[in-house]
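Reader: I would like a close look at one part of this model, namely the open sheet and the residues packed around it. Please explain how it is put together, and give the cut-off for each term as you use it.

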Amino acid sequence: AGVTYAFTLVASERGGDPSIVGSAQMLVTINRPPFGGVLECSPPSGTAVVTRFELRARGWTDDDDDDLPLTFRFAEGTAVLSEKSDDKVANRYMSAGNHTITLEVYDFYNARSSASVLVPVTETVLDESETLDAIRRGKLACDDGRGAECLSIVEGTTQGSSRRRRLQEADASAPTEFETERA
């Protein structure tokens, strides 16, 4: 349980006998948010588009059984990687760069705790076959409603117009709607 506060009300009649006083006290315990857990990333670093990262909430608990179940939400900045649910694991591919992934853990009453992990992801140069495979994974992620993962995969695979042209020639089914020029 969280911190307990005592509220006391003391009353007397105005202009009455000052020795006649009434009082009442109420104790209020504030809900403590979930605690004791960590956010783990496996592997702790990797290569853009190629490495599939597993993000896992481990060890989270709450003082009071009335506060259960716990729910988990994974995000990167304002991008939600997985909506609030009882799923303790999120998997995703990431583009090159340093990614700060945040886990928010909620109890039944929405008391919240959070943990973050920094995931360094190095650039990769893919051959055409690997690029096609990555684009297909990105399309599957988009079709499954995993937009942030989809954009991460596609961002890592779009490397200029000559590569896109070769991809289109090699596989006419490659999703051209995801192709964008990197700035």
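Author: Strand 6 and strand 9 (residues 97-106) run antiparallel and are joined by five bridges. Strands here are DSSP runs of type E with at least two residues, helices are runs of type H or I with at least four, and both are numbered from the N terminus. Two strands are said to pair if DSSP finds at least two bridges between them.

The basis of the description should be stated at once. This is a predicted model, in which local features need pLDDT of at least 70 and side-chain atom pairs count only at pLDDT 80 or more, while totals for chains, interfaces and linings use all residues. Residues are numbered from 1 along each chain as its sequence is written, and side-chain values use heavy atoms, with hydrogens and water left out.

The pairing of strand 6 and strand 9 belongs to an open sheet of five strands, ordered 4-10-9-6-7 with mixed pairing. Strand 4 (46-47) and strand 7 (79-85) form its edges; each has a single partner strand, so one side of each lacks a neighbour in the sheet. The protein as a whole has 10 strands and three helices, and along the chain the strands precede the helices, in the order β-β-β-β-β-β-β-β-β-β-α-α-α.

Strand 6 covers residues 71-76 and is also joined to strand 7, by four bridges in the antiparallel sense. These two strands make a hairpin with two residues between them, and G77 in the turn has a positive phi of about 60 degrees. Two positions show how the hairpin is matched: A75 faces V80 of strand 7, and F74 is set opposite S82 of that strand. Toward strand 9, T71 stands opposite Y106.

Y106 also has a charged group over its ring. The charged end of K84 lies there, 4.2 Å from the ring centre. A charge counts as over a ring if NZ of Lys or CZ of Arg is within 6 Å of the ring centre and within 35 degrees of the ring normal.

Within strand 9, H99 deserves attention. This histidine is buried, with a relative accessible area of 7%. Buried means under 20% relative accessible area, exposed over 50%, and partly exposed in between, with a 1.4 Å probe and protein chains only. A polar atom of the H99 side chain lies 2.6 Å from the backbone oxygen of S95. That is a polar contact: a pair of N or O atoms within 3.5 Å, where within protein one must be able to donate a hydrogen and the other to accept it, and where residues adjacent in sequence count only if both atoms are side-chain atoms. With residues up to four places away in sequence set aside, H99 touches E76, M94, V117, L118, V119 and V121; contact here means heavy atoms within 4.5 Å.

Strand 10 (residues 112-122) holds S113, which is likewise buried, at 14% relative accessible area. The S113 side chain comes within 2.4 Å of the backbone oxygen of P34. Beyond neighbours within four places in sequence, S113 is in contact with P33, P34, W60, L103, E104 and V105.

The aromatic residues F108 and Y109 complete this part of the account. They form the one aromatic pair that the model contains. Their ring centres are 5.0 Å apart and their planes meet at 90 degrees, so the pair is edge-to-face. The rule takes rings of Phe, Tyr and Trp (its six-membered ring) with centres within 6.5 Å, and calls planes under 30 degrees apart stacked, over 60 edge-to-face and the rest tilted. F108 is exposed, at 51% relative accessible area, and Y109 has the exposed state with a value of 51%.

Two totals set the sheet in its context. Of the 183 residues of the protein, 35% count as buried. Among contacts with a separation of 6 or more, 57% are between residues 24 or more positions apart.
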